[in-house]
Amino acid sequence: MPHPNADRPEAPPPSPALPAGALPRFEQRHARELPGASVPWRPVPVARPALLFLNEALAAELGMDAAALRGPAGAALFAGNLVPEGAEPVAQAYAGHQFGGFSPQLGDGRALLLGEVTDRAGRLRDVALKGSGRTPFSRGGDGRAAVGPMLREVLVGEAMHALGVPTTRALAVAATGEWVYRDDRLPGAVLTRVAASHLRVGSFQFFAARGDTGRVQQLLAHAVARHDPELAGLPVAEQAARFLERVARRQAALVARWMGLGFIHGVMNTDNMTISGETIDYGPCAFMEAFDAGAVFSSIDHQGRYAYANQPGIARWNLARLAETLLPLLHADPDAAVALATATIDAFPGWYEAEWRAVWRHKLGLAEPFDDAGDTRLAEAWLRLLQEHAVDFTRANRLLADAAAGDDAPLQALFAASDGGPAGLAAWLVHWRARGPRGPAALRAANPRVIPRNHRVEEALAAATAGDLAPFEALLAALRRPFDEAPELAPYAEPAPPALSAGYRTFCGT
Ligand code: AMP
Ligand code: MG
């Protein structure tokens with residue numbers, strides 16, 4: 001089915017109304033509580049809204065009527081043609097360090113926050129559009145997004161969610177029926193994204209760069225109310241200090257989870273690091289196949305700044321940028337403020353290391369009593385082995401379950417097929433067994449079989465771009481069962497043929 005894209009946008013069709021009660025009540029907490037942090041703005045209507053994806057489970061979680069959203073009114077809503085009642089969309093302002101260089105004004109150049117809704121569990125969640133047209137922050141951009149990158153956010157975000165990693169999530173993707181022009185002419189789409197919030201390190205940098213300490217303090221109060229309500233009543237200096245620590249600990253936990261999955265975010269700019277601790281912005285990200293601590297996939301990351309092994313250090317660097325924005329709140333004496341901030345930033349590596357060790361204890365099935373130094377050495381030795389042999393990271397970890405069941409043959413075969421041969425594996429397994437690993441079921445629950453393999457993602461997105469959603473839907477269904485041994489998932493568990501994984505590059509697709 002070819003995409004009926006228009007070359008010159010035609011008049012958008014009239015939008016059918018949503019049935020009453022199809023959506024929860026929208027609030028405007030961000031817009032109201034943070035004057036100066038956003039601009040009221042409307043999505044630009046598109047020619048031919050058509051729903052490509054609806055996350056029914058997430059819709060239900062948000063108290064939305066998924067059946068009603070499947071119809072033409074849902075397509076209009078998720079394309080930005082129909083602004084829900086009570087929503088007052090805004091483009092959020094933020095700044096950010098991109099690849100180390102500071103931009104005092106980035107902001108939602110192609111996104112809009114529709115507002116916040118309270119989900120069934122009582123949590124406040126942001127609902128935002130991405131690809132909804134130009135805004136005052138668009139700079140040279142067209143404000144639009146293509147089908148491929150928006151469906152990529154669905155695939156990787158849903159995979160992360162199924163893997164238990166904190167993440168923003170895709171609620172829907174609607175085709176626009178309009179072309180967007182990148183290197184190629186591509187069908188356009190709008191993503192609806194749900195997040196604990198869209199506050200980023202760059203949100204704080206926006207006001208700090210303007211020397212507006214009052215607004216930084218307002219933003220702190222708003223962020224605390226949303227993410228750290230336990231800190232709400234504290235004096236501001238103590239609140240700022242404890243908030244910085246909370247954000248740092250959330251990032252330590254998040255990045256440790258990424259590392260345990262071989263996930264490379266690819267664009268860890270300060271505007272892409274959340275305050276909530278959720279992963280955001282699945283642009284040039286990738287899961288590595290053959291283990292390489294230096295792996296970089298992004299075509300725009302020329303220096304390897306955001307390589308796999310650099311991610312914890314970059315998280316710390318970004319947190320130092322957040323700390324800088326809080327200095328005037330931390331202490332009236334600038335030297336004392338710097339000392340407080342530095343103490344937290346210097347504590348980050350220890351927090352990260354503890355999270356990393358917990359991740360690897362889980363993955364290697366190490367039970368109590370724990371031995372910090374010994375467990376770290378065992379995990380590091382395993383990673384050295386994976387690196388020396390360049391074996392598939394996900395497969396190698398998964399096959400530990402077979403080894404735990406007494407069958408080393410699959411792991412031996414994986415290593416035997418590598419450049420280095422099986423050397424070193426047997427000795428490591430002896431150390432591992434001496435540590436008394438848990439049984440195969442525990443190891444299978446800790447090490448996924450199905451991850452979004454790059455060749456599968458590319459194949460699904462290419463088909464979707466050409467109008468065939470079947471491979472996308474099949475891949476999504478598999479990604480929602482990452483730990484499942486079911487035989488029908490085997491095609492999604494296989495590494496890419498070497499010719500495809502060699503030189504694999506991701507593009508921002510903006
Ligand atoms: P990202 O790399 O996607 O996090 O985006 C970095 C900045 O570029 C943000 O301010 C985005 O809003 C902006 N941006 C990215 N793509 C576009 C686009 N097509 N049109 C306008 N702004 C964009
Ligand atoms: Mg971004």
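This report walks through the overall build of the chain, a few of its helices and strands, and a metal site.

**The whole chain**

What you're looking at is a predicted model. The chain carries 19 helices and twelve strands. Its radius of gyration is 23 Å, close to the 24 Å that the globule rule gives for 510 residues, so the chain is as compact as a globular protein of that length. Measured out along the principal axes, the C-alpha trace covers about 65 × 65 × 40 Å. Of the 510 residues, 56% count as buried. Among contacts with a separation of 6 or more, 73% link residues 24 or more positions apart. As for the outside, the accessible surface is about 19700 Å², and carbon and sulfur atoms make up 55% of that.

**Helix α4**

Helix α4 takes in residues 72-79 and is mostly covered, with seven of its eight residues buried. Those are A73, G74, A75, A76, L77, F78 and A79. And what sits over them? The cover includes strands β2 (50-54), β7 (124-130), β9 (169-181) and β10 (185-195), along with helix α3 (66-69). Just past the end of α4 comes G80, with a positive phi of about 90°.

**The β6–β7 hairpin**

Strand β7, part of the cover on α4, also pairs with β6: the two run antiparallel and are joined by seven bridges. One of the pairings puts V117 opposite R125 in β7. The strands form a hairpin with five residues between them, and G122 in the turn has a positive phi of about 85°. Strand β6 itself (residues 111-118) is mostly covered, seven of its eight residues being buried.

**Helix α7**

Does the length of α7 fit its residue count, or what span should we expect? At 1.5 Å a residue, the 15 residues of α7 (213-227) should span 21 Å, and the end C-alpha atoms are 20 Å apart, which agrees. The buried residues in α7 are V216, L219, L220, H222, A223, V224, R226 and H227. In general, an α-helix has 3.6 residues a turn, so residues three or four places apart point the same way.

**The magnesium site**

The magnesium ion (ligand 2) has N272 and D281 as its protein donors, lying 1.9 to 2.2 Å from the ion. Both residues are tucked away, as the table shows.

| Residue | Donor atom | Relative accessible area | State |
|---|---|---|---|
| N272 | OD1 | 10% | buried |
| D281 | OD | 15% | buried |

How values were computed
Residues numbered from 1 in each chain as written. Chains lettered and ligands numbered in written order. Predicted model: local features only at pLDDT ≥ 70, side-chain atom pairs only at ≥ 80, totals over all residues. Heavy atoms only, no water. Helix = DSSP H or I, 4+ residues; strand = E, 2+ residues; numbered from the N terminus. Expected span 1.5 Å × (residues − 1). Buried < 20%, exposed > 50% of the residue type's maximum accessible area, 1.4 Å probe, protein only. Donors = N, O, S within 2.8 Å, 3.2 Å for Na, K, Ca; no water. Rg over C-alpha atoms; globule rule 2.2 N^0.38 Å. Contact = heavy atoms within 4.5 Å. Areas by Shrake-Rupley, 256 points an atom, 1.4 Å probe, with all protein chains shown as cover. Pairing = 2+ DSSP bridges.
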